Amino acid sequence: MDQRYDILISGGGVAGLTAACVMGAAGFSVLCVDPAPPVTDGGAEGADLRTTAFLQPARSLLEEAGLWARLDPHAAALQIMRIVDAGGAEPTARLVRDFEASDIGDLPFGWNLPNWLLRREMLARIEDLDSVTFRPGTGTESLLTRETEAFVRLTDGSRIRTKLVLAADGRNSPMRQAAGIGAKTIRYGQKALAFAVSHPIPHENVSTEVHRSGGPFTLVPLPDRDGGPCSAIVWMEDGAEVDRLAQLPVEAFEASMMERSTGILGPLTLLTRRSVWPIISQVADRMSGQRVALMAEAAHVVPPIGAQGLNMSLGDLRCLRDLAVARPAGLGDRQMMEDYHNARHGEVTLRAAGIDMLNRASQIHAQPLRDLRAATLGALYGAAPVRRMLMQMGLGAKG
Ligand SMILES: Cc1cc2nc3c(=O)[nH]c(=O)nc-3n(C[C@H](O)[C@H](O)[C@H](O)COP(=O)(O)OP(=O)(O)OC[C@H]3O[C@@H](n4cnc5c(N)ncnc54)[C@H](O)[C@@H]3O)c2cc1C
């Protein structure tokens with residue numbers, strides 16, 4: 001027999017689980033499915049060792065979903081964004097510029113949390129929400145849509161009738177493909193290493209991006225561990241170089257990190273394994289189809305620069321939640337799907353184009369272009385109104 005839910009969420013990654021909490025807290029009945037059971041222990045095989053820096057606008061959405069109170073005790077605040085250009089002949093810092101949150105308001109830019117911990121706390125919140133069911137170990141298999149509803153067959157053979165399919169099933173989104181929505185992809189030949197380190201110099205809630213070539217080397221504050229300062233690192237380089245770095249013995253890897261970080265936090269000690277992520281940019285041709293809305297990486301993938309990826313996804317989610325709550329009887333109908341596409345596609349395309357440009361600037365190898373990059377950063381930073389506008393745009397406060 002068919003099972004009925006207001007919303008079926010395909011995908012229980014960080015985006016899908018957040019969507020389940022947000023939509024469940026808004027009063028809709030939600031089923032969330034994912035073939036991969038979530039790993040909720042940072043030391044376990046398969047744990048997602050990335051961290052997510054939630055930017056200011058994310059907090060109210062997480063509060064409304066009943067998530068923020070659970071996350072707050074584990075979050076490291078980001079007060080300053082430091083950009084270091086180390087693009088000269090020697091791998092040393094030649095230009096350092098600090099963007100300070102206090103220039104544009106009272107709050108920090110954002111708060112950083114490990115992804116495995118996000119999954120743990122989101123599952124705990126889902127346990128408390130009667131409106132939400134999460135079925136790990138089960139995926140979506142096929143989709144049939146009609147003007148009035150959608151029918152989804154799951155891998156366990158069950159059939160779901162729903163008003164809205166929310167595709168949060170990642171960059172190769174099976175539901176996006178089933179809905180016949182294409183996507184444009186840019187490949188950079190680049191990969192990222194994600195891991196955590198400890199260091200003798202406190203981070204003082206400063207997030208630091210070091211640019212030389214191949215992509216940024218980003219240190220993002222984590223809460224202290226065993227009384228010592230810790231940071232999460234995302235290190236982007238050409239793919240072959242990342243593969244080489246990932247295989248280096250720990251001592252040699254730590255020496256390479258020290259050089260690439262320009263020693264800004266002193267010698268870095270590796271605390272976790274090194275996880276490798278291919279870097280692409282991708283935007284779906286549309287944000288929605290009949291009874292299907294795309295969100296997060298199903299709709300847009302961007303290189304991890306400026307903490308934009310999941311924060312754009314929360315922008316998608318806020319828009320969907322607001323449209324659904326404003327007109328619950330129209331959940332998933334043609335008008336809602338059209339309104340969602342119109343509200344998000346331009347913003348997402350523009351933001352992805354901006355991040356693509358920043359990534360290409362950080363990748364460059366030629367010395368004269370690296371010099372131009374440093375000069376541009378210096379000039380943009382020097383003009384206070386431009387600096388403040390860049391900070392607000394980065395937060396998503398201005399499109
Ligand atoms: C190195 C790195 C660092 C990053 N740092 C940040 C940051 O600081 N801030 C930020 O905002 N963003 C950041 N991002 C981006 C952020 O991590 C991603 O946007 C986010 O994790 C993507 O989440 P997602 O849920 O869309 O996709 P995924 O995590 O890929 O989840 C998709 C889920 O769908 C499931 N699935 C697949 N097929 C099916 C099916 N048939 N049925 C049901 N489920 C299915 C998969 O099993 C998976 O669990 C970073 C990304 C990288 C690579």
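Q: In this predicted model, which of the 29 residues around the ligand come nearest?
A: Asp-34, Thr-140, Glu-297, Leu-310 and Asn-311 come nearest, out of the 29 residues around the ligand. To count as near, a residue needs a heavy atom within 4 Å of the ligand.

Q: What makes the ligand's pairing with the side chain of Arg-50 a polar contact?
A: An oxygen atom of the ligand sits 3.1 Å from an N or O atom in the Arg-50 side chain. The cut-off for such a pair is 3.5 Å, so this one counts.

Q: How do you know that Thr-51 and Thr-140 make polar contacts with the ligand too?
A: Same test, but with backbone atoms this time. A polar backbone atom of Thr-51 is 3.4 Å from a nitrogen atom of the ligand, and for Thr-140 the distance from a ligand nitrogen to a polar backbone atom is 3.0 Å. Both values fall within 3.5 Å, so both pairs qualify. As for cover, the protein takes up 86% of the 1000 Å² of accessible area that the ligand has on its own.

Q: What kinds of residues make up the shell around the ligand, and which helices and strands each supply at least two of them?
A: The shell divides into 14 nonpolar, 11 polar and 4 charged residues. Helix H1 (14–25), strand S2 (30–34), strand S3 (51–55) and helix H8 (309–326) each supply at least two.

Q: Why is H1 called roughly parallel to H4?
A: The axes of H1 and H4 (residues 115–128) come within 10 Å and cross at roughly 30°. That's under 35 degrees, so the pair counts as roughly parallel. H1 passes H4 in a left-handed crossing.

Q: What makes H8 roughly antiparallel to H9?
A: Again it's the angle: the axes of H8 and H9 (residues 334–363) come within 10 Å and cross at roughly 165°. Anything over 145 degrees is roughly antiparallel, so H8 and H9 get that label. Their crossing is right-handed.

Q: And why are H2 and H8 called oblique to each other?
A: H2 (residues 56–64) packs against H8 at about 50°, with the axes 10 Å apart. That angle isn't under 35, over 145 or in the 65 to 115 range, so oblique is what remains. The H2 and H8 crossing is left-handed.

Notes:
Residues are numbered from 1 along each chain as its sequence is written. This is a predicted model: local features need pLDDT of at least 70, side-chain atom pairs count only at pLDDT 80 or more; totals for chains, interfaces and linings use all residues. Side-chain values use heavy atoms; hydrogens and water are left out. A polar contact is a pair of N or O atoms within 3.5 Å; within protein, one must be able to donate a hydrogen and the other to accept it, and residues adjacent in sequence count only if both atoms are side-chain atoms. Accessible areas come from the Shrake-Rupley method with a 1.4 Å probe; for residues, only the protein chains shown count as cover. Helices (H or I, at least four residues) and strands (E, at least two) are DSSP runs, numbered from the N terminus. Ala, Val, Leu, Ile, Met, Phe, Trp, Tyr, Cys and Pro count as nonpolar, Asp, Glu, Lys and Arg as charged, and the others, Gly among them, as polar. Axes are lines fitted to C-alpha atoms, for helices over the stretch in contact, and angles run from 0 to 180 degrees between N-to-C directions. A crossing is left-handed if the near helix is turned anticlockwise from the far one by less than a right angle, and right-handed if clockwise.
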